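User: I would like a close look at one cysteine and its surroundings in this protein. Please start there, then work outward to the rest of the fold.

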Amino acid sequence: TSALEERAEAKIGPGVREAVQVLEETKQAILGSDETAPTVLVAIELKPPISGITRTANAEISSMTKNIIDDLDDKDFKTYRTYATIPIMYGFVSSSDALNILALNGNVESIDLDVGGTGGNLSTSFFDRKLLTKSVPKINADQRHIKGNKGNNVVVAVLDSGVDTDHPNFRGRIINEACFADANPNDGNKGNCPNGKNNQVGTGSSEDDAGHGTHVTGIVASSGSVGGTGVAPYAKIVSIKVTYGPSYSGSFSSTAQILNGIDYIMKNPLLNVTIINMSLATYSMFEGICDQENSWTSIFAQAIETLWDNGIITFASSGNDGDTQRMTFPACIEKVISVGNSMLNDEGDLSSNSDATTNIFAPGHNILSSEIGGGLQYATGTSMASPHAAGCAALLVESGDAITPQEIKTRIETSSVEVFI
């Protein structure tokens with residue numbers, strides 16, 4: 001019994017038990033008052049399915065999830081998110097007893113505290129502003145445009161704050177929309193999607209309430225109806241809203257929302273997504289590859305690898321903390337192409353995160369791109385660099401110069417341009 005309890009305790013990640021104990025003390029202090037009892041949001045990694053992670057709904061994952069929920073029997077635990085293709089679930093723990101039951105369940109691999117994050121662009125200065133008409137030629141995309149290579153029919157999924165669906169720069173090319181935005185996970189199914197709930201699928205579900213996603217999407221695929229053309233102006237767009245306003249950068253309260261976006265792509269292969277861009281970052285930072293750091297990085301890494309094996313490449317911004325030893329999640333995942341921010345003089349922007357595992361740098365300093373309302377907006381950050389790289393990948397795929405994720409990665413990493421950081 002003691003050995004079993006020891007193995008169970010080993011499943012509980014740093015800070016989880018301490019957070020629950022503090023919570024219990026707080027609950028005792030407010031007992032009998034009108035205050036809402038606090039909870040701790042945790043990510044629960046399930047044991048690996050025998051069939052592995054695939055792009056179809058997995059009955060084994062559903063069975064394990066149900067077993068865990070039934071085992072808890074509503075005892076100080078509230079389910080937040082479950083998935084059809086990814087062996088993880090999220091829930092609110094409000095007692096040590098519930099945490100112990102979770103840890104003792106044989107279907108549970110690990111339990112970790114969840115975190116939120118942001119889109120993370122920086123404010124721009126009036127001087128040294130760059131149009132897409134400068135940054136697109138900087139990566140030689142304009143030379144491909146002249147030859148007719150514009151990303152025609154390549155599908156790029158943008159996980160961000162959504163998109164201004166009425167903006168003329170995207171007319172006729174937003175082929176699918178979904179939303180998994182939720183500022184307060186503990187508030188039932190209320191959320192920050194346009195329908196007022198925490199999930200929505202269909203036309204209008206990714207309407208941007210921040211601005212960040214519209215700007216990022218413009219860098220990838222603006223037609224140039226207003227301002228300069230994006231890197232892949234004929235690419236098709238799947239817009240998945242996982243962050244929300246009112247701040248321009250947008251934010252997310254849980255990594256569950258990002259995983260919902262990935263899960264949506266995985267279980268909808270008919271969308272034909274080839275490239276994913278995530279210009280977003282957790283508040284937590286990691287040194288080197290973070291695939292095995294905790295439950296949510298581990299499952300995310302497995303999901304991204306499944307997408308990679310199915311021909312889908314993922315790009316993410318490295319973050320804007322000026323850190324030269326660490327990056328944010330999801331850029332720290334091994335099979336995610338991490339993108340730092342460079343100036344047009346090929347020097348790294350001092351605000352850009354990078355470490356020994358950062359894959360590439362791309363223009364991201366004071367970029368003018370699409371804005372909510374049909375206009376244009378300047379923004380700076382690795383959030384602006386990553387979509388330059390994602391758009392470049394769309395051109396490579398359309399031209400046939402690089403089709404598989406490995407071919408694309410090799411092609412963009414072997415650029416003759418060096419960035420000095």
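Analyst: Start with the contacts of Cys-290. Leaving out residues up to four places away in sequence, Cys-290 touches Thr-297, Phe-329, Cys-332 and Ile-333. Keep in mind that this is a predicted model.

Where does Cys-290 sit? Its place is the loop between strand 14 (285-286) and helix 9. Cys-290 counts as buried because its relative accessibility is 0%, and the cut-off for buried is under 20%. One of its contacts is another cysteine, Cys-332. Along the chain, Cys-290 and Cys-332 are 42 residues apart, yet 5.4 Å separates their C-alpha atoms.

Another contact of Cys-290, Phe-329, leads to a backbone feature. The peptide bond that joins Phe-329 and Pro-330 is cis, with omega at about 10°. Pro-330 lies in the loop between strand 16 (327-328) and strand 17 (336-342).

There is a cis bond at another proline too. From Gly-245 to Pro-246 the peptide bond is cis, and omega is near 15°. Pro-246 is found in the loop between strand 10 and strand 11 (251-252).

Now follow helix 9, which borders the loop of Cys-290, into the interior. Helix 9 (295-309) supplies at least two residues of the largest nonpolar core. That core has 48 residues. Those with the most contacts inside it are Tyr-90, Ile-262, Ile-276 and Phe-300. Other elements that each supply at least two residues include strand 1 (40-46), strand 3 (88-93) and strand 7 (155-160). Strand 10 (236-241), helix 8 (255-266) and strand 12 (273-278) also each supply at least two. Apart from this core lies another, of 38 residues. Among its members are Val-216, Val-220, Ala-232 and Leu-395.

Take Ile-276 for a closer view of the largest core. Neighbours within four places in sequence are set aside here. Ile-276 is in contact with Ala-157, Leu-159, Ile-262 and Ile-265, among others. Its contacts also include Leu-307, Ile-312, Ile-313, Thr-314 and Phe-315.

Two asparagines deserve a look for their backbone angles. Asn-272 has phi near 60°, a positive value in a residue other than glycine. Asn-272 is found in the loop between helix 8 and strand 12. It counts as exposed because its relative accessibility is 52%, and the cut-off for exposed is over 50%. Asn-153 also has a positive phi, about 70°, although it is not a glycine. Its place is the loop between helix 6 (141-146) and strand 7. With a relative accessible area of 49%, Asn-153 is partly exposed.

A further asparagine, Asn-366, is buried, with a relative accessible area of 1%. It lies in the loop between strand 18 (360-363) and strand 19 (367-370). The C-alpha atoms of Asn-366 and Met-343 are 8.9 Å apart, and 23 residues separate the two along the chain.

Next, a site toward the start of the numbering. Val-16 is in helix 2 (residues 16-29). Val-16 is buried, and its relative accessible area is 0%. Beyond its neighbours within four places in sequence, it is in contact with Val-42, Leu-99, Ile-111, Asp-112 and Leu-113. Ser-223 is 207 residues from Val-16 along the chain, and their C-alpha atoms are separated by 48 Å.

Finally, the whole protein. It has eleven helices and 20 strands. The C-alpha trace spans about 70 × 45 × 40 Å along its principal axes. How does the radius of gyration fit a compact globule? For 421 residues such a globule would have a value near 22 Å, and the protein has 21 Å, so the two agree. Buried residues make up 57% of the 421 residues.

Contacts between residues at least 6 apart in sequence show how the chain is joined. In 74% of them, the residues are at least 24 apart. The pair Cys-290 and Cys-332, in contact and 42 residues apart, is one of this kind.

On the outside, the accessible surface comes to about 16600 Å². Carbon and sulfur atoms account for 49% of that area. The protein has 28 positive and 49 negative charges. The mean positions of these two sets are 8 Å apart.

Definitions and conventions: Residues numbered from 1 in each chain as written. Predicted model: local features only at pLDDT ≥ 70, side-chain atom pairs only at ≥ 80, totals over all residues. Heavy atoms only, no water. Helix = DSSP H or I, 4+ residues; strand = E, 2+ residues; numbered from the N terminus. Rg over C-alpha atoms; globule rule 2.2 N^0.38 Å. Buried < 20%, exposed > 50% of the residue type's maximum accessible area, 1.4 Å probe, protein only. Contact = heavy atoms within 4.5 Å. Areas by Shrake-Rupley, 256 points an atom, 1.4 Å probe, with all protein chains shown as cover. Lys, Arg positive; Asp, Glu negative; His and termini not counted. Charge placed at Lys NZ, Arg CZ, Asp CG, Glu CD. Core = buried A, V, L, I, M, F, W, Y, C linked by side-chain atoms within 4.5 Å.
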